Structure formats: C-alpha cells, structure tokens
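Visitor: Could you take me through this model? I would like to begin with the overall fold and then turn to the interior.

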Amino acid sequence: MLLDLVYFTALGIMTGGLYGLLGLGLNLIFGVMRVINVSHGEMLTLGAYSAIVMGMTPVTSPWFAIAAAVLVVTVGGFLVARLLLQPLTVDGRVHEQRGLVLTLGLSFVVANLILAIFGPEYQKVPGQLAQGAYTVGDLVLEKQRLVILAASVAIAALLMLFLRYTLTGRAIRAVGENPEAAQACGISVRRIHLLTFALGSTLAGVSGALITPATYAMPAMGFSYTLYAFTVVIIGGLGSMWGALLAGFLLGIAESVSVIWLPSGYNAIVGPILMLAMLIVRPQGLLGRLSVRA
Amino acid sequence: MKHPATWMFLAVMLAIPLVAPNDFVIHTLCVAMIYAVLAASWDFLFGFGGLVSFGHAGFFGLGAYAAAIVTHKLGLSPWWGPFIGAGAAALLGLLIGLPTLRLRAVFLALATLAFAESLRVVASNWHDVTRGTLGFNAHRTFFRLSGEVHLSYYMLLAACLALVAAIYWIACRTEFGLNLRAIRSDDIRADALGINVVRKKIQAFMVGGLFAGAAGGLYAHYVGLVSPSELGATTTMLVIAMATIGGTGTILGPAAAALIIFVASELLRLAGTVYAQVAIGVLLIAFVLFLPDGVAGWLQRRRRLRLNPQGTTDKP
C-alpha cells in the first residue's frame, strides 16, 4: 500500500512536469492576449505528428524529431496568430467569445485533418531520448519519463528567466499588464501577440514531442491535453506562471495516485473534478490574483 | 410569425414526408430538428445572456440518459422522457450555475466543459447503469421502430417547433429575455438598474439546460440509442458552429442553420465523416472572421440598411 503510494506519486511527478509545461503555455497566451486557446492540445498533436513525419525520413536522431516538432508548431502558431487571431484583436485584446469559438473550430480542423492524413490508429512516435529504466527497490522509473521531467523543469525555468530578465520578455509582460500603456511606451502590441502565441504553442509542441514517445499518438488526443492544460491553469490560477507549474505536479500526482482507489477508466475524471472543486472553493486558483469576479 | 419565409419553411417541412417518403431523408430531418432545438437553446444562453456554454453536449447527453434510464427503470411511457430529461438538465444548469456564474465568462465556459467531460467519463464507465461505451438501448422508443414513419416525423416536427417557439418567445417577448439582453450588453449598468444579474444568469442557465435536456430526451426516444459520444466535444462543437453560422441572438437563425448544417453533414458523410468535420470547422472559422453575426445578423443588417439607408440606429 505505502509502496503503491510512493510509486504512483513518483509516476505522477514525472507526468506532472509536462502538464505544468502545457499549462504554462496556455497561461502565457491567456495572460497576454486574453484568449482561451481551445486548440492548445492540438498544437501538442501537431508536434507529435511532426516528429512522426521526421521519423519517416532517413534522419533518425530524436533531436531532429524534436526540432521538427518545434519548427512546425512555431510556424503554425505564428500563422494562427497572424491570420486568425489578429483580425479579432481590438485594443490589444482578442475578442473573448469569438476567440473561444474560433479556436474551437481550429481544434476540430487540425484534429480531423490529421485524422484524414494519418488515420485513426495509435502510432508510435520516435524521439525517445533515453531507453530503459532505473530500478530502485521495487520502483521502476522509465528513463524517458525522467528526461521529460528534467526537460519540463528546465524549459519552465528558462521561460521564467526569459520573461523576467530579457527586454522582450518584459515587453511581453507589459502587454499582458496593460496593452495601451505598453503601446504608448513604444512596444508593438501586434508583434508581441504574434510572438506570445508562437511561444505558447511551441511549449505545447515540445510537450508533444517529449511525451508521445513514452506513450503513443492519435489524432483525437489533443482534446484531452487541452483539458489537462485548462485544469492546470484553473488550479494554479489564471495568469500565474508558478501556479501553473505547481498545479501541473499536483494534477499529475492526483491523477496517478487515484488509480489506487478509483476503478480503472475513472481516472480521467480526476482533472475535471479538481477543476470544478477549485472553481467553487477558490476561483482565483492557488497562486492567482483576486480579480476574477465578474 | 410575421415573416413569409417562416410560413414557406413550415409548408415545406410539412410536405416533406408526402413528397419524399424516404426513410433516410425523414430520419435525417428528424435528428436535424432535434439539433435545431439544441442550437436554439445554446443561442438562448450565448445570444441573449452572453454565457458561453462549452458543455452543451453535457446537458443534451444528460437529458438523453436521464430520459432513457428513468423510463426504463420505472417502466414509464416514452412520452415522459423529454420532460424527465429537461428536468435533469435544468438541475445540472443550476448546479453548474450556482458556483460559477459569479465569475468571469471564461470560467463558466471551462466549468461547463469540465462537467460535460465528467459526465462522459461516468457514462463510459458505469456499466451497470449506462452499459458503458456500448450505449443504452433498453428503453422504449416512440414509434420509429414500429414503422409509422410519417406519424413519428410529424410528432417530432410539432414537438421541436413548439420547443423552438418557446425559446424564441421567452427570449424575445418576455421581461426575462429583455433583462438578459441588458446584462449581456452591460452587466454593471444592468445591476445599477436593479436587475439581479447573478440570479438572472442562473435562471438563464437553467432554462437553457431545460431545453437542451428536452432535446436530449427526444433524441433518446427517437433514435433509441444513447451512447457516451453524444456527451463528447463533437456535439458541442457542432451546436456552436450551427448557432454561430445561423446568427447568434436570433434563436431562429441557429435553428434554421442547424437543420441545413446537419443535413449537409449527413450528406457529406457519404464522402467521409472526417471531411464533414473539417468542412464545418473551416466554415465556423470563416464565419467568426468575416460574418460574426451569422447569416441572420447579416440579413437583419441589410434589411435595416434598406429601411434606413443612413444606418443611424444600431442593434440594441
């Protein structure tokens, strides 16, 4: 029993970093553009399938698979922001409801196009950075999952440093804080929006290239990852970067440990229930600021 | 119903089983009419209350499951089904609305999504009650299976028209609808005018859920099979696309668009479901970008421009 608890907690921590990364991207996009990006999970799918396509070429290094994912998703995110979201942007904020509906449509287009091209089968994704597993007593820790954890934390740390200390990062935060004032200071809000959306999407794409080699890829998986990202954002607090990271670990652990008590199949309910509970008890999230009331 | 187009539409709908007594045509139209009610109920929330329901599939599916399971367990006549479904979904609306409608619209959207997803997980896994992913088909149906195709068509047409008309009436002809519209355009001012904003929103959510649940009940007893896929995001997406393309804030626009889009997507299904989904998604994006008020909004604007070429007044 205790061993189970330790084992599933470890497993949860390893996936949790990834959830955090996913939530971080969503949070960044929301914080700056005020758009709830329902197609966030599809960016992850796009990343995973880019890695698959890269794996079909003679170049088999996992690094190239990840690079392909990053490239495709960054360009994709940039195009989405430029062609679809920019027309809905007024005074530095994307129209809230139209943004929601538009990204919903986008998520269906992407998921179904991938389904049309690659078929509904579960696919193995190349890009395993480390093979095998460590065994500590009875614990089996897959190396790939440890790599994912390390990479998630490293990427999150880099992002924080970028947002805190570079000029561009501070411009991004300024636009999130107050687009009009930022514009008045000479920051191009349009460009920051493009950059932010591409950056947030890239985070999702990297998540896809990291996690799917350890699991699998299928065209419809994006939606469940979108749901994870939302859950993380709600638990951590809308707009709070540290909150997203913390919530990612919490969600990962909760979902993983729930396997001990819940009958199989029900663990998908943990995320939505946690999200609802959080909305009722503490709508601003663990580390969010209290400006969420209507 | 002052528009001649409405009467023409009614005449066409009444004539269809006589002109084209084809099972496939009639069946498709019947399901399409149920979707019309669903799209109208979504529009009631969004177009009038400004509330984005991202889990409309949850209301619809809950209505369908509630109707199917309760009539099956208690041996009730299927005619009770839609009422039971409506009641269950209205309760769900209250349950979602109470904690989240005080918050920003974004949170409500996410909460409804989470609710729908939880319901889907439960429906897929609670084998004893819902028969899991196989779907629930033990309940009695109206009469499609007994062969009286025409009769079932007219019954469903009447029921769906009554539901859409009721939504239209509540939204456009009652004080409640006006209050909602006031809240949508400026909730702070509405509050200052003495409208209890949160309470009205919760009531709106219950009403929207009620009609979506009724649609679900009709669906369960007409189609005869309820499965977790009805609770999935695809249903919600379809409904939102229908409402957006038809024109939010008009009730009748989304209902008409639902009929056309559902029939079109069934026809496209012959080419492949995937392409139908892609086409609907692309259409939805195009409408959000270029015609955000939908077809009905565009027509209204044109008519107003014709009556008042300077275009000095704007939509309230």
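Guide: What follows covers chain A, then one of its helices, then the nonpolar core. Please note that this is a predicted model.

Visitor: How many helices and strands are there in chain A?
Guide: Chain A contains 11 helices and four strands. Its radius of gyration is 19 Å, close to the 19 Å that the globule rule gives for 294 residues, so chain A is as compact as a globular protein of that length.

Visitor: And what box do its C-alpha atoms fill?
Guide: Along the principal axes, the box is roughly 60 × 50 × 35 Å.

Visitor: What share of the residues of chain A count as buried?
Guide: Of its 294 residues, 56% count as buried. As for contacts in chain A with a separation of 6 or more, 77% are between residues 24 or more positions apart.

Visitor: Turning to helix α2 of chain A, what should its residues span?
Guide: Helix α2 of chain A covers residues 40-56, and at 1.5 Å a residue its 17 residues should span 24 Å. The end C-alpha atoms are 25 Å apart, which agrees.

Visitor: Why is α2(A) described as largely enclosed?
Guide: Because 15 of its 17 residues are buried, α2(A) is largely enclosed by the rest of the structure.

Visitor: How many residues has the largest nonpolar core?
Guide: That core has 204 residues, and those with the most contacts inside it include L22(A), A39(B) and M242(B). Helix α2 of chain B, residues 23-49, gives the most to this core, with 16 residues.

Visitor: Which residues does A39(B) touch?
Guide: Leaving aside residues up to four places away in sequence, A39(B) touches V239(B), M242(B), A243(B), G246(B), P254(B), A255(B), A257(B) and A258(B).

Note on methods:
Residues numbered from 1 in each chain as written. Chains lettered and ligands numbered in written order. Predicted model: local features only at pLDDT ≥ 70, side-chain atom pairs only at ≥ 80, totals over all residues. Helix = DSSP H or I, 4+ residues; strand = E, 2+ residues; numbered from the N terminus. Rg over C-alpha atoms; globule rule 2.2 N^0.38 Å. Buried ≥ 20, exposed ≤ 12 C-beta atoms within 10 Å, placed from the backbone. Contact = placed C-beta atoms within 7 Å. Core = buried A, V, L, I, M, F, W, Y, C linked by C-beta atoms within 7 Å. Expected span 1.5 Å × (residues − 1).
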